[in-house]
Amino acid sequence: MEHKTYYITTPIYYPSGNWHIGHCYTTVICDALARFHRMLGEEVFFLTGTDEHGQKIEKKAKERGITPMQFIDPLVSELKDVWRLLDISYDKFIRTTDEDHVKAVQEIYRRLYEKGEIYKAEYSGWYCTPCESFWTESQLKDGKCPDCGREVALEKEESYFFRLSKYAPRLLKLYEDAPEFLQPKSRVNEMVNNFLKAGLQDLCVSRTSVKWGVQLPFDKKHYSYVWVDALSNYITALGYAGADDSLYKKFWPADLHMVGKEIVRFHAIVWPAILMALGEPLPKQVYGHGWLLIGGDKLSKSKLDAVKAELTDPYALVKRYGADAVRYFLLREIPFGSDGTYTNESLLTRINSDLANDLGNLVSRTSAMIGQYFGGTMPARGREEGPDGELVAMAEGAFAKVRAAMDALDAPTALEAIFAVIARANKYIDETTPWLLAKDEGKRSRLGAVLYNLAESIRICTVLLKPFLTQAPVRILESFSCPADMGFEALGFGYFKGGEKVEKLPPVFPRIDVKKELAEVAALVAAERKANERPAPAKQQTPQKKAPIGIDEFDKVEIRVGEVIACEKVKKSEKLLHETVKIGEEVRSVVSGIAKFYTPEEMVGKKVLVVTNLKPAKLCGVLSEGMILCAEDEEGRLSLVSPERDMPSGGSVR
Ligand code: ME8
């Protein structure tokens, strides 16, 4: 058999935190495609990761008085947590701060420079000194810095430029000759009308003012422009321009770059031009999907601050409804290529109607009837009669439909084809009325045949659902005594021999009381909003003086040396860390508001001072049995207070 490879990528995510269900859209679609192609027997490489350089990160870290890495690391672990929760089966998670990637980007710049594709020139723009930022005329707000509102000055910065302009004709020809390169077709029109028709400008690809980036090997004053660094991830992840490029040889060109529509222009103009300049093959396809909208706008962090009526946090959603439900909603609800609206209600409706009613009921009714009428043993296949033929044909024909839809990257249509069989099977129960057949001993073999046909239809649909749902299919297959790794080779009707054990499954997707759930969610979201709206403490000029106390009063406070032996972020809180602290022989759970200043990894192993006789309290639901002491500066930045010499844990502080 021909060995086929499939290389699929998501964009690499900005480590911006506040992950919402919109962020999960691209990745869940790619995961379904990756799983589908693995089930086709192809060798799949599924890449995702984080885009960590650039001015934004540099600035945010600086504002918090921490290094960019201290700022990024906890956000990257959070993102990986989201992917773990949603069962995202990526083969590699690349970070643009990875040493291999940085070196390869330097090599890419060097090659482009040597080929004359990059040249030095002057970049002029409006400069805001406090922000270290250049702005174009149109970006200014009332002639001032759009970020801080201060005065700007017209300045020139020496920069390197990539000869993007010369690629415009080749790009136009590419869209014409290879219409599959950019999909859906509407995106081609956007690129041509909005950018290419007007002609392209050469692209400024280096900065001297932003140092959080890749240093250019031929001019150390300059650092890479973040998009060149970021786009390169698709090839550096495979070892391109590195010590071992065997993966590059195997998987490049990519079969698919799946991206949100707002970043199509980088993927369909800048990226192919860079590859053309390097003399490398182009990806086979860029697909620009639509957005998840909330209140008519793209779901985004800034929008979330304004519209707080919906629960959008992937942790909370997966915890409440399970990974399968969230995945199913994202894959089914949004017409592929277009935008789709997200509301909690639409998610709950999908769960109830498709997963609980259609799929869940079919499975529990069938397994219950095999239990009740055949003692949990699969009956034998019977002679075909009545509506059997139609059900069998639909179940057997579903794969071709799913395959055609997935070839067109259209997960909603693929799922529709599977759920059409599920609906047909439910109707088949009503038509064949097994409960009546059961009353007549003479119809026992017909009853067996009906239940057999239902079980086979369920089995086939379950196998077909495996790229989309990751948990329910395993439970369903196991309850019908099928191996959990059953694949597309077993899609023919007639797999069961009869005699297999069938277990009655509790509802795979319990029905949700929508009204009650929406009320609960609204209360949860309101409480969260209230917590976030608490005014920030006023800047402390000098610490407030407190009334004098006697030594006996100070003596009431018990402070001891503790060693942090484990630490994690408190979910749903930006500020809190949950430490496990060893104090002598005792181990305590402590919550402290230092997440903006220390990563959990940094905390482990630190000796800290802990107030140990405070009454225990719960913060964000986590028990705190002490308070870790910190010093605070006038900007509100915190620093741990530790014994100046190493002291054993448990030592008292006086
Ligand atoms: O753009 N609906 O990263 P990012 C659908 N670092 N998709 C959404 C969405 C929504 N409401 N919000 C975000 C970047 N996304 C760059 C990419 S690639 C070389 C560099 C999607 O974190 C968005 O469209 O802003 C994109 O596909 C992905 O989340 C990452 O976006």
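Here are legends for several close-up views of a predicted model.

**View 1. The whole chain, before we zoom in.**
Let's start with the big picture. This chain has 654 residues, and 51% of them count as buried. Its C-alpha atoms fill a box of roughly 90 × 80 × 45 Å, taken along the principal axes. If you go hunting for secondary structure, you'll find 22 helices and 25 strands. The accessible surface comes to about 30,500 Å², and carbon and sulfur atoms own 51% of that. How do the contacts spread along the sequence? Take the contacts with a separation of 6 or more: 74% of them link residues 24 or more positions apart.

**View 2. The shell around the ligand.**
Now zoom in on the ligand, which has 24 residues surrounding it. The closest ones are I12, D51, E262, L292 and L299. What kinds of residues make up this shell? They split into 13 nonpolar, 8 polar and 3 charged. Two helices to look for are α1 (residues 21-39) and α7 (residues 226-231), as each of them supplies at least two residues of the shell. The largest share, 4 residues, comes from α1.

**View 3. Oxygen atoms of the ligand and their partners.**
Stay with the ligand, but look at its oxygen atoms this time. Which part of Y14 comes up here, backbone or side chain? For Y14, a backbone N or O atom lies 3.0 Å from an oxygen atom of the ligand. T26 does things through its side chain, where an N or O atom is 3.2 Å from an oxygen atom of the ligand. G260 joins in with a backbone N or O atom, 3.1 Å from an oxygen atom of the ligand. And how much of the ligand gets covered? On its own, the ligand has 670 Å² of accessible area, and the protein covers 96% of that.

**View 4. An open sheet of six strands.**
Next up is a sheet you can trace strand by strand. Its 6 strands run in the order β3-β2-β1-β11-β12-β7, the pairing is parallel, and the sheet is open. Which strands sit at the edges? They are β3 (residues 92-95) and β7 (residues 182-183), each pairing on one side only. Look at β7 and you'll see 2 bridges joining it to β12 (residues 286-289), with the two strands running parallel. To pick out one partnership, find L182: its bridge partner in β12 is V286.

**View 5. A smaller set of strands, with mixed pairing.**
This open sheet has 3 strands in the order β14-β13-β15, and here the pairing is mixed. The edges belong to β14 (residues 297-298) and β15 (residues 340-341); each has a single partner strand, so one side of each has no neighbour in the sheet. Strand β13 (residues 292-294) pairs with β15 in the parallel sense, over 2 bridges. Want a pair to find? L293 has T341 as its bridge partner in β15.

**View 6. H222 and its contacts.**
The last stop is a single residue. H222 lies in the loop between β9 (residues 206-207) and β10 (residues 223-224). Is H222 buried or exposed? It is buried, because its relative accessible area is 0%, and buried means under 20%. Who does H222 touch? Leaving out residues up to four places away in sequence, its contacts are E158, S159, Y160, S206, R207, T208, V214, Q215 and L216.

Methods
Residues numbered from 1 in each chain as written. Predicted model: local features only at pLDDT ≥ 70, side-chain atom pairs only at ≥ 80, totals over all residues. Heavy atoms only, no water. Near = heavy atom within 4 Å. Polar contact = N/O pair within 3.5 Å; in protein donor to acceptor, adjacent residues only side chain to side chain. Areas by Shrake-Rupley, 256 points an atom, 1.4 Å probe, with all protein chains shown as cover. Nonpolar A, V, L, I, M, F, W, Y, C, P; charged D, E, K, R; others polar. Buried < 20%, exposed > 50% of the residue type's maximum accessible area, 1.4 Å probe, protein only. Contact = heavy atoms within 4.5 Å. Pairing = 2+ DSSP bridges.
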